[in-house]
Amino acid sequence: MNHALPARSRLVAASLEAAGIEGAIIVLPDAASTAALAAAALDIEVGAIANSLVFWSDDEPLLVMTSGAHRVDTTTLADRLGRGSIRRATPDQVLAATGQPIGGVAPTGHPAPLTTIVDEALAEFAEIWAAGGTPHTVFPLTFDELVRLTGGTVTRVA
């Protein structure tokens, strides 16, 4: 494990290692707190960014891993999942649920597992990139690895 990584990213790296995912976390020189910034920094399509969005639904956090090219249709997704409603979590709720700041939320490394939805559109890419626990850290993985890592339910989110 890379001890030069920020503490939050070391937790993510440990989760990746435990899951047998080989993609190493890299530190970007500038913050990549949006999908567009991350895609530009990595010189890849914005759709290959696995954007980690935390919502609040039925009194619990809901992590949605969506393609950076999509917006989550919360009304349709709530209907699809049989939930009352889905709304954006506040920054405090995001930090409490994930231990990570908005703009750097990873799909793993949280204090407790989160119910996770994985955007089926991410399957279009051989390699996708996700945040590594801070706005300056990212790592590569495959769609199948993302689903396995998160235990997520694959569905359309847009």
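1. The lining of the largest pocket in this predicted model is made up, by class, of 15 nonpolar, six polar and one charged residues. The volume of this pocket comes to about 340 Å³, and 22 residues line it, with Ser33, Asn51, Ser52, Leu53 and Gly103 lying nearest its centre. The elements that each give two or more residues to that lining are helix 2 (35-42), strand 2 and strand 6, and strand 2 gives the most, with six residues.

2. Strand 2 (49-57) deserves a closer look, beginning with its surroundings. Eight of the nine residues in strand 2 are buried, and the strand is accordingly described as mostly covered. Strand 2 pairs in the parallel sense with strand 6 (residues 128-131), over two bridges, and within strand 6 it is Ala130 that serves as the bridge partner of Ala50.

3. The pairing of strand 2 with strand 3 (60-67) is antiparallel and extends over eight bridges. These two strands form a hairpin in which two residues stand between them, and Asp58, which lies in the turn, has a positive phi of about 50°.

4. Strand 2 also runs antiparallel to strand 4 (87-88), to which it is joined by two bridges. Phe55 is a useful residue to locate when following these pairings: its bridge partner in strand 3 is Leu62, while its bridge partner in strand 4 is Arg88.

5. Which residues of helix 4 are buried, and which are exposed? In helix 4 (residues 91-98), the buried residues are Gln93, Val94, Ala97 and Thr98. When the helix is seen down its axis, these buried residues fall within an arc of 105°, so they line one face of helix 4. Pro91, Asp92 and Ala96, by contrast, are exposed on the other side of the helix.

6. The buried residues of helix 4 pack against strand 2, strand 3 and strand 4, and this ties the helix to the strands discussed in the points above, since strand 2 pairs in the antiparallel sense with strand 3 and also runs antiparallel to strand 4. After helix 4 comes Gly99, a residue whose phi is positive, near 75°.

7. A reader new to the structure may find strand 2 a convenient place to start. Strand 2 is mostly covered, it gives six residues to the lining of the largest pocket, and it is one of the elements against which the buried residues of helix 4 pack.

Terms used. Residues numbered from 1 in each chain as written. Predicted model: local features only at pLDDT ≥ 70, side-chain atom pairs only at ≥ 80, totals over all residues. Heavy atoms only, no water. Buried < 20%, exposed > 50% of the residue type's maximum accessible area, 1.4 Å probe, protein only. Helix = DSSP H or I, 4+ residues; strand = E, 2+ residues; numbered from the N terminus. Arc of directions from axis to C-beta. Contact = heavy atoms within 4.5 Å. Pairing = 2+ DSSP bridges. 1 Å grid on protein atoms, 1.4 Å probe; cavity = no way out; pocket = protein on both sides within 12 Å on 5 of 7 lines; lining within 4 Å. Points joined across faces, edges and corners; volume = space filled by probe spheres on them. Nonpolar A, V, L, I, M, F, W, Y, C, P; charged D, E, K, R; others polar.
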